[in-house]
Amino acid sequence: MSVVTVQPTGVSPADVLAVARGTAKVVLDPSTVDAMTTSRAIVDGIVASGRPVYGVSTGFGALANTFVAPERRAELQHALIRSHAAGVGAPMPREVVRAMMLLRVRSLALGRSGVRPLVAEALVDLLNHDVTPWVPEHGSLGASGDLAPLAHCALVLLGEGWVLGPSGEQVPAADALRRAGLEPVALAAKEGLALINGTDGMLGMLLLAIHDAAHLFTMADVTAALAIEAMLGSERPFLSELHAIRPHPGQATSAANIHRLLQGSAVMDSHRDDLAHAVQDAYSMRCAPQVAGAARDTLAFVEQVAARELMSVVDNPVVLPDGRVESTGNFHGAPLGFAADFLAIAASEVGAIAERRVDRLLDVTRSRDLPAFLSPDAGVNSGLMIAQYTAAGIVAENRRLAAPASVDSLPTSGMQEDHVSMGWAATKKLRTVLDNLTSLLAVELLAAVRGLQLRAPLTPSPAGRAAVAALGEAAGEPGPDVFLAPVMEAAREVVRSPQLRAAIEREVGTLG
């Protein structure tokens, strides 16, 4: 079991993945405890002075000018958590909730939130005991951060609300804490607000999406190369000198990947010197690096946004080292919402061009002598006809999901929060787009493998041989129609997992 230590500088994207998707234990560096203790002393001084400070001695949102008596300020923090835990819908996946909790620990540990160390330690205890709050999918507008999702997490600290059971069922938080040997936390002034004001949910989803997109964009180069090989395409559009004259870095990387993947192929050798061969391939083949490369460059921008957010203090109000407590707008999720929407656009286009190659592979008039729908006995058998229907439907859905969420603002809290980011919605739908991209690349992988099999006795590239082997048991050889859904699910798993890429890289070297 690895250990993630939360430092005064925060955590890394790899730390978030290790906790969200793995079993890494979380510990607080002693210096973070010192930072939280120092900022808490400032808040205690404000409480003793009696001066009005938002969220410490006042209400919230539109109630910011409502003074709260000292004897009711702890009650205020508990009431805040209960009222804001107002989400509805299916529970968010465990990995999203765990990422969100670790990022909230990170934010508190920076020492600008004015909470006692025990509050951050209580969140760490939930992570280390694998107690995952039940966080409904709807509730966040991404304005004062992810208020409702974070409130559902904080409610569990109070011994209230629900957690995810072993099978995804709702389990009372009090029972889960008792089984884990944990005690509920009694919040003090400012602590409830500090637990829910932040971009942790949308940042967690964005970091998970960045990791997935990086893998999928490389797999898109793999499936594109296999499809081009199966269609007797040319490798010449992927020569490095052609991409040096348009120096977009992602484009150069994708072109280099595809060119490398097409080497060592008897299929490619069979037509390389054929003067009667097509002078130019279709855009979906020839322009693969321009589309996938642009997506890579978009991803690089999104990585920069996420890296900056990982270093940010996004609470409100914030406790400054000189003793001031100032209101900020740092919890507004616009930077993350814009980035997620941009990446969703890019990922949807990577899938759209893959579907065009699938359609070309299946069309007897354009596939360069492959049988219709990649069936050796088309007519009685339909081959991969309906797999392409499925891909077309997913492309259509991704186009709808690529419409930006971050341009849609609805005012809330009596017009106090009169512009919201919708960053939670943007990052949540980005995850759906990437899951759909997995399916689209799986269909292309299956079609390309079928096409390469039908080119026998010509042997494919090392990448092609690895792909045929990876899908071998599920896909079998071209022949009579079979129940196709399990084959497509197997192809999805091949695309999603790192094994095929690793097998290919053992043969051709590391892909960009």
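Contact here means heavy atoms within 4.5 Å. The model is predicted.

**Exercise 1. Overall layout**

Task: Describe the fold in outline. What share of contacts between residues at least 6 apart in sequence join residues at least 24 apart?

Solution:
- Start with the secondary structure: the protein has 20 helices and eight strands.
- Next, the extent. Along the principal axes, the C-alpha atoms fill a box of roughly 90 × 50 × 40 Å.
- Then burial: of the 512 residues, 54% are buried.
- Now the contacts. Take those between residues at least 6 apart in sequence; 79% of them join residues at least 24 apart.

**Exercise 2. The domain interface**

Task: Locate the two domains and characterise the interface. Which three residues supply 20% of the area that domain 1 buries against domain 2?

Solution:
- Set the bounds: domain 1 spans 2–197 and domain 2 spans 206–508.
- Their centres, taken over C-alpha atoms, are 36 Å apart.
- Count the residues in contact: 46 from domain 1 and 37 from domain 2.
- Take the area. The two domains bury about 3,200 Å² between them. Carbon and sulfur atoms account for 62% of it.
- Find the main contributors on domain 1. R112, L141 and A143 supply 20% of the area it buries against domain 2, more than any other three residues.

**Exercise 3. Polar links and the domain 1 face**

Task: List the polar links between the domains. Which element gives the largest share of the side of domain 1 that touches domain 2?

Solution:
- Between domain 1 and domain 2 there are four salt bridges.
- One of the model's salt bridges pairs E137 with K428; their closest N and O atoms are 3.6 Å apart.
- Polar contacts across the interface come to 17 residue pairs.
- Elements supplying at least two residues each to the domain 1 side include helix 1 (13–20), helix 2 (30–49), helix 4 (94–109), strand 4 (136–138) and helix 8 (191–196).
- Helix 4 gives the largest share, seven residues.
- By class, this side holds 23 nonpolar, 14 polar and nine charged residues.

**Exercise 4. Two threonines**

Task: Place T32 and T298. Is T32 buried or exposed? Is T298 buried or exposed?

Solution:
- T32 sits in helix 2.
- Its relative accessible area is 0%, so T32 is buried.
- Beyond four places in sequence, T32 contacts V6, Q7, P8 and A109.
- T298 belongs to helix 14 (residues 288–310).
- T298 has 7% relative accessibility, so T298 also counts as buried.
- With residues up to four places away set aside, T298 touches F342, L343 and A346.

**Exercise 5. Backbone exceptions**

Task: Inspect the backbone geometry. Where do cis peptide bonds occur, and which residues have a positive phi although they are not glycine?

Solution:
- Begin with the background: most residues other than glycine have a negative phi, and most peptide bonds are trans.
- N316 and P317 are joined by a cis peptide bond, with omega about -5°. P317 lies in the loop between helix 14 and strand 7 (318–319).
- A456 and P457 are also joined in cis, with omega about 15°. P457 is in the loop between helix 17 (423–454) and helix 18 (462–475).
- D130 has a positive phi of about 55°. D130 is in the loop between helix 5 (117–128) and strand 4.
- M422 also has a positive phi, about 55°. M422 falls in the loop between helix 16 (385–401) and helix 17.
- Finish with accessibility. D130 is partly exposed at 45%, whereas M422 is buried at 14%.

Definitions and conventions. Residues numbered from 1 in each chain as written. Predicted model: local features only at pLDDT ≥ 70, side-chain atom pairs only at ≥ 80, totals over all residues. Heavy atoms only, no water. Domains from an automatic or database assignment. Buried area = accessible area lost by both parts, 1.4 Å probe. Salt bridge = Lys/Arg side-chain N within 4 Å of Asp/Glu carboxyl O. Polar contact = N/O pair within 3.5 Å; in protein donor to acceptor, adjacent residues only side chain to side chain. Helix = DSSP H or I, 4+ residues; strand = E, 2+ residues; numbered from the N terminus. Nonpolar A, V, L, I, M, F, W, Y, C, P; charged D, E, K, R; others polar. Buried < 20%, exposed > 50% of the residue type's maximum accessible area, 1.4 Å probe, protein only.
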